[in-house]
Structures are given as structure tokens and as C-alpha cells.
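User: Could you walk me through this one before I set anything up?
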Amino acid sequence: MVKPQKPPSGRTNLASCIVATIFLIFVVIIALIVYFTVFKPQDPKISVNSVQLPSFSVGNNSVSFTFSQYVAVKNPNRAAFSHYDSSIQLLYSGSQVGFMFIPAGKIEAGRTQYMAATFAVQSFPLAAPNEASAATMPTTTTGPIGGFGGSNNGYRVGPTMEIDCRMEMAGRTRVLNFFTHHVDAKSECRVSIAVSDGSVLGFHC
């Protein structure tokens with residue numbers, strides 16, 4: 001005669017639930033560690049390699065020039081970075097003097113893309129030294145600087161001018177080929193220029 005089996009006790013069910021809960025917590029922790037160490041989206045990095053003014057003209061207290069910037073954009077993510085809303089903005093004495101849209105593109109995972117942008121800046125008036133210094137901040141440069149007429153509370157004055165160059169790249173990347181994440185890359189540089197011949201004395205980013 002077969003004896004009927006006893007149904008599992010409440011204590012056994014509780015132990016099973018505890019084991020299952022611990023296992024799920026462990027899986028979630030491992031998934032979070034993998035996400036934050038391997039798959040977490042990161043903002044691309046912009047490195048400015050060179051700034052040049054191929055043409056430069058000054059007269060009647062106004063200046064116009066052609067601006068060229070060479071940068072390297074690194075995508076540290078494990079998926080391609082698609083950028084679509086990008087631009088370069090030039091500021092002088094707090095006002096915009098130049099602007100350029102950057103065409104949409106794609107940078108593959110873990111790759112660095114070298115980009116060059118050249119555009120003409122229309123004539124704009126040069127500010128008086130005290131006006132220009134009021135709209136800028138003290139800065140250092142990457143190259144030798146000479147021929148300054150003097151300084152005013154730490155600001156460069158004399159036969160030089162300074163412009164700010166802001167580059168922004170907005171786009172998206174995918175996580176695990178499923179989720180889409182918005183990322184941004186930005187750079188801002190202060191460029192010192194000799195007013196006499198338009199040579200770039202140095203830049204600091």
C-alpha cells in the first residue's frame with residue numbers, strides 16, 4: 001500500500017522563495033556592474049589639434065578673416081555615435097561673429113575621426129581694449145606670445161585680439177543594440193590673434 005506524500009511545508013516554501021530572491025538580486029547586481037563598466041554610454045571627446053586663419057584683413061577698426069579648425073573626435077562607446085545637430089560658433093567680445101553647421105555623420109565604435117572646418121567670418125568692428133577685456137576672462141595659451149602693448153588687470157591688451165570658439169556635437173548611440181541614448185560632445189577654446197598679420201599666437205581649450 002502506497003502511503004500518500006505529505007505536501008511541502010510552509011518552511012520549505014519560504015526557503016525556496018528566499019533562495020530565488022537572492023539569486024535574482026545577484027543577477028541584477030551583475031547586470032548593473034556589466035552595464036556601468038562596459039556598456040554605459042559616454043560622451044565623445046573633442047580634441048582641438050590646430051587653429052589657423054588662412055586669410056585675414058583689418059581696416060577702419062574692423063576685421064574679417066577665414067577661420068579653420070582641425071579637431072579629433074573620439075567615440076569611446078561600444079556602438080556607433082550618430083551626430084546630427086552640430087555646430088561651430090565664434091564669439092568676440094561676447095557677441096557671435098561666426099557660425100557654421102557641421103553635417104550629420106557617424107563615428108564607429110571606439111574610433112577617432114579627424115575633422116576640418118573652414119568658413120569665412122564677415123567683417124566686424126574691433127572693440128576697444130577695455131571693452132574687449134570686460135567681455136573675456138584671463139587665459140593662458142599653448143604657444144609663445146609676444147608683442148603685447150601691455151595688460152589691464154590680467155587681460156591682454158595691445159595689438160592682439162581674442163576670440164572664443166565653441167564646438168558642439170549632439171547625437172545618439174545605442175546600448176546593447178536596443179536602447180538609444182543621447183550623448184553630447186563639447187569643446188571651447190580661447191584663441192589669441194595678432195591684429196597686425198592675423199597669425200594665431202596660441203589657443204587654450
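Analyst: What follows goes from the overall layout to the aromatic rings.

User: Okay, what is it built from, and in what order?
Analyst: This is a predicted model, and the protein has two helices and 11 strands. Read from the N terminus, the elements follow the order α-β-β-β-β-β-β-α-β-β-β-β-β.

User: How much of the contacts comes from residues 24 or more positions apart?
Analyst: Taking the contacts with a separation of 6 or more, 65% are between residues that lie 24 or more positions apart.

User: And the surface, what are the numbers there?
Analyst: The accessible surface of the protein is about 12800 Å², with 56% of that belonging to carbon and sulfur atoms, while buried residues make up 33% of the 205 residues.

User: Switching topic, how many aromatic pairs are there?
Analyst: A search of the whole structure gives five aromatic pairs. One of them is F56 with F65, a stacked pair with 6.1 Å centre to centre and 15° between the planes.

User: Are those two buried or exposed?
Analyst: Both F56 and F65 are buried.

User: What about F99 and F101, how do their rings sit?
Analyst: The ring centres of F99 and F101 are 4.9 Å apart and the planes stand at 85°, which is over the 60 degrees cut-off, so the pair counts as edge-to-face.

User: And where do they fall on accessibility?
Analyst: F99 has 37% relative accessibility and is therefore classed as partly exposed, whereas F101 is exposed, its relative accessible area being 60%.

User: Last one, which residues do ring pairs link into a cluster?
Analyst: The cluster linked by ring pairs consists of F56, F65, Y92 and F124.

Notes
Residues are numbered from 1 along each chain as its sequence is written. This is a predicted model: local features need pLDDT of at least 70, side-chain atom pairs count only at pLDDT 80 or more; totals for chains, interfaces and linings use all residues. Side-chain values use heavy atoms; hydrogens and water are left out. Helices (H or I, at least four residues) and strands (E, at least two) are DSSP runs, numbered from the N terminus. Buried means under 20% relative accessible area, exposed over 50%, partly exposed in between (1.4 Å probe, protein chains only). Contact means heavy atoms within 4.5 Å. Accessible areas come from the Shrake-Rupley method with a 1.4 Å probe; for residues, only the protein chains shown count as cover. Rings of Phe, Tyr and Trp (its six-membered ring) pair if their centres lie within 6.5 Å; planes under 30 degrees apart count as stacked, over 60 as edge-to-face and the rest as tilted.
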